[in-house]
Amino acid sequence: MQVKINIDGGSRGNPGPGAAAYIICSMDGKILAQEGHFMPHCTNNQAEYTALKLALIKAKELGAAELFIQSDSQLLVKQYLGEYKIKNPDLAARMLYIRRLAAGFTIHIEHVLRHLNKAPDALANKAMDAKQSVGFNPIINLPPEPDGQAPAAAENMVNGVEVKPVVRTHPTAKTAAQKTPKKPQQPDLFGDL
């Protein structure tokens with residue numbers, strides 16, 4: 001079965017809350033599936049890559065064999081085709097997973113201008129506005145990524161390093177030993193004479 005797929009991804013804040021969206025249609029234009037997948041924290045490129053990944057998973061679920069994919073991300077398309085190098089390790093790991101998913105398909109992928117890709121953009125924005133995934137015939141059971149793939153984005157990243165909450169004790173929560181003031185010791189003013 002041949003299908004047409006349009007994908008898009010976005011992030012508000014880059015990184016920030018975002019969404020990945022795909023729309024899969026039959027060759028006569030009937031929508032078979034569409035989903036805006038909410039991502040609590042991602043970059044624009046991570047969202048674009050996730051859109052392609054989700055579209056491939058759903059296309060397999062639908063039994064498609066030949067995919068005609070359009071994306072307004074020139075970076076994604078050129079990197080998928082091998083025309084651009086993938087320097088970011090996270091995106092390289094995501095592409096490795098995408099290539100594994102794509103192995104069973106005949107894929108035609110092309111870059112299109114944004115005004116020709118409005119439908120998945122609207123779906124991604126709907127998911128970001130709702131702060132949850134939305135769709136028609138969406139992927140119900142999203143398979144976990146295999147080992148060696150992109151790690152889940154840490155929620156508390158600052159300057160490329162994960163930060164954790166600082167645990168402080170409240171001044172009133174001192175132990176009994178801390179509550180009893182110690183007698184000050186008289187310093188030896190003359191040292192070892």
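Six strands make up an open sheet in this predicted model. Reading across the sheet, the order is β5-β4-β1-β2-β3-β6, and the pairing is mixed. If those words are new to you, strands of a sheet pair through backbone hydrogen bonds, and they can do so in a parallel or an antiparallel way. Look now at the two edges, where you will find β5 (106-111) and β6 (134-136). Each of these strands has a single partner, so one of its sides is left without a neighbour in the sheet. From one strand to the next, the twist averages 15 degrees.

Let's visit the edge at β6. Here β6 pairs with strand β3 (residues 31-42) in the antiparallel sense, over three bridges. To find your way, look for Gly36, which stands opposite Val134 in β6. Helix α4 (residues 118-130) lies across β6 and β3, and also across β1 (2-11) and β2 (16-26). Relative to β2, helix α4 runs at about 140 degrees.

Next, turn to helix α3, which covers residues 89-102. Its 14 residues reach 20 Å from the first C-alpha to the last, close to the 20 Å expected at 1.5 Å a residue. How does α3 begin? Asn88 caps its N-terminal end, with a side-chain oxygen 2.8 Å from the backbone nitrogen of Asp90.

Which residues of α3 are buried? They are Asp90, Leu91, Ala93, Arg94, Met95, Tyr97, Ile98 and Ala102. An α-helix has 3.6 residues a turn, so residues three or four places apart point the same way. Among the elements covering the buried residues of α3 are α1 (44-62), α2 (74-80) and the edge strand β5.

Technical notes. Residues are numbered from 1 along each chain as its sequence is written. This is a predicted model: local features need pLDDT of at least 70, side-chain atom pairs count only at pLDDT 80 or more; totals for chains, interfaces and linings use all residues. Side-chain values use heavy atoms; hydrogens and water are left out. Two strands pair if DSSP finds at least two bridges between them. Helices (H or I, at least four residues) and strands (E, at least two) are DSSP runs, numbered from the N terminus. Axes are lines fitted to C-alpha atoms, for helices over the stretch in contact, and angles run from 0 to 180 degrees between N-to-C directions. Contact means heavy atoms within 4.5 Å. The expected span of a helix is 1.5 Å times one less than its number of residues. Buried means under 20% relative accessible area, exposed over 50%, partly exposed in between (1.4 Å probe, protein chains only). A polar contact is a pair of N or O atoms within 3.5 Å; within protein, one must be able to donate a hydrogen and the other to accept it, and residues adjacent in sequence count only if both atoms are side-chain atoms.
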